[in-house]
Amino acid sequence: YYAFLELSKDTACIAMEGDFLTYLVNGTVSTAPLHVPESSEERFTGMAYCVVGYSADTLLVGTYNGIWKYARSSGTVHPMVCPVNGFFSRGKRVQSIAVRGAGITYTTDEGFFSWDTQTYRKLYPAGRAKLNIYSHVYRGDSVYLATKGRGLVISDREGTYSRSIDVRSGLASNTLYQLRWVEDALFMGTHEGLSIMVGGRFYSYKHTDGLPFEEFNHQAIYYDEEEDRLFMGGIGGYISFRPTQLLHLMPQGV
């Protein structure tokens, strides 16, 4: 699996590699109902990488072939289309989605994009350049991009300027898979360890610091706010810890 979406205290939706969606209810996993209308002209794929809530009954699922709308009540899927641009995410591996008002932003193996119900455009990188971006999160007026090979990219919301932070600044790796803000700290699961950005400072942890593995997985991150416990998944399973406790132990008052 790639990503969890908590629907209630006892129910979560899981994006699956090959099986689209499943439900986790009170510890029991069951396959989500699925109906692809025969009238659909787009190629549906069960390779799902991310899932977010869009409305009371609708989920948006990022797949190997774009973004699909899933109706929970009926199990029916439809490609997310624009009246101007049609199936605007066709052919893209969609790896993260954020709902921004009536529109969305999303990352793919080609870059970072936005759609505001009428206008579809690429925000990063500029021009015809392509970049695999695994995840994105917002903080204030900035968006943080987890990239393959370019480290952490920080951009404004419109993509008019950006800057990159890499291993020379203290990142564990230039390939990032997962991001999560906890208080004022950004936790990052990378290809070669765990990195944390706090107040402009970077801290990295690897196998020699006690990590059971160093390579994390795309989207496999979850923060339980009630228990103050952060779960980060990787090639060797999951690690979990209390992030606020770790932050209080950091040197120089951080």
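In which strand does Ser164 lie? Ser164 is part of strand β16, which covers residues 162-165. Keep in mind from the start that this is a predicted model. With that said, let us take a walk through it.

## Ser164 and its surroundings

Is Ser164 buried, exposed or partly exposed? Its relative accessible area is 41%, so Ser164 counts as partly exposed, a class that runs between the 20% and 50% limits. Now look at what surrounds it. Leaving aside residues up to four places away in sequence, Ser164 touches Tyr124, Arg150, Leu152 and Val153. Gly151 is 13 residues from Ser164 along the chain, and the C-alpha atoms of the two are separated by 6.4 Å.

Tyr124, one of the residues that Ser164 touches, has a feature of its own. The peptide bond joining Tyr124 and Pro125 is cis, with omega at about -10°. Pro125 itself sits in the loop between β12 (120-124) and β13.

## Val137 in strand β13

Strand β13 is also the home of Val137. With a relative accessibility of 17%, Val137 counts as buried, because the limit for that class is under 20%. Its contacts, again leaving out residues up to four places away in sequence, are Ser142, Val143, Tyr144, Leu179, Trp181 and Leu186. Take Leu186 as an example of how the chain brings distant parts together: Val137 and Leu186 are 49 residues apart in sequence, while their C-alpha atoms are 9.7 Å apart in space.

## A sheet of four strands

Next, turn to the beginning of the chain. How many strands make up the open sheet that contains β1? There are four, in the order β1-β2-β3-β4, and the pairing is antiparallel. The strands β1 and β4 (28-31) stand at the edges with a single partner strand each, so one side of each has no neighbour in the sheet. From one strand to the next, the twist averages 30°.

Here is a closer look at two of the pairings. Strands β2 and β3 run antiparallel and are joined by six bridges; Met16 stands opposite Phe20 in β3. Strand β3 (residues 20-25) also pairs with β4 in the antiparallel sense, over four bridges, and here Tyr23 stands opposite Ser30 in β4.

Both pairs also form hairpins. Three residues lie between β2 and β3, and Gly18 in that turn has a positive phi of about 105°. The hairpin of β3 and β4 has two residues between the strands, and there Asn26 takes a positive phi near 50°.

## Two more positive phi angles

Where else can you look for a positive phi? Phe20 and Thr117 each have one, although neither is a glycine. The table sets the two side by side.

| Residue | Place | Phi | Relative accessible area |
|---|---|---|---|
| Phe20 | strand β3 | about 65° | 3%, buried |
| Thr117 | loop between β11 (112-115) and β12 | near 80° | 27%, partly exposed |

Phe20 is the residue that Met16 stands opposite. At 3% relative accessibility Phe20 counts as buried, because this value is under 20%. Thr117 has a relative accessible area of 27%, so it belongs to the partly exposed class, between 20% and 50%.

## The largest pocket

Finally, let us visit the largest pocket. How much space lies in it? The answer is about 1,100 Å³. The lining is made of 37 residues, and those nearest the centre of the pocket are Phe4, Leu5, Glu6, Ile221 and Tyr222.

Which strands help to build this lining? At least two residues each come from β1 (3-6), β2 (11-16), β5 (48-53), β9 (94-100), β13 (133-139), β17 (176-182) and β21 (216-224). Of these, β21 gives the most, with six residues. You have already met some of the others: β1 and β2 belong to the open sheet of four strands, and β13 is the strand that holds Val137.

What kinds of residue make up the lining? They divide into 23 nonpolar, nine polar and five charged residues.

Notes: Residues are numbered from 1 along each chain as its sequence is written. This is a predicted model: local features need pLDDT of at least 70, side-chain atom pairs count only at pLDDT 80 or more; totals for chains, interfaces and linings use all residues. Side-chain values use heavy atoms; hydrogens and water are left out. On a 1 Å grid over the protein atoms alone, a cavity is a set of points where a 1.4 Å probe fits but cannot get out, and a pocket is an open set with protein on both sides within 12 Å along at least five of seven lines; lining residues have an atom within 4 Å of a point. Grid points are joined across faces, edges and corners, and a volume is the space filled by probe spheres set on the points. Ala, Val, Leu, Ile, Met, Phe, Trp, Tyr, Cys and Pro count as nonpolar, Asp, Glu, Lys and Arg as charged, and the others, Gly among them, as polar. Buried means under 20% relative accessible area, exposed over 50%, partly exposed in between (1.4 Å probe, protein chains only). Contact means heavy atoms within 4.5 Å. Two strands pair if DSSP finds at least two bridges between them. Axes are lines fitted to C-alpha atoms, for helices over the stretch in contact, and angles run from 0 to 180 degrees between N-to-C directions.
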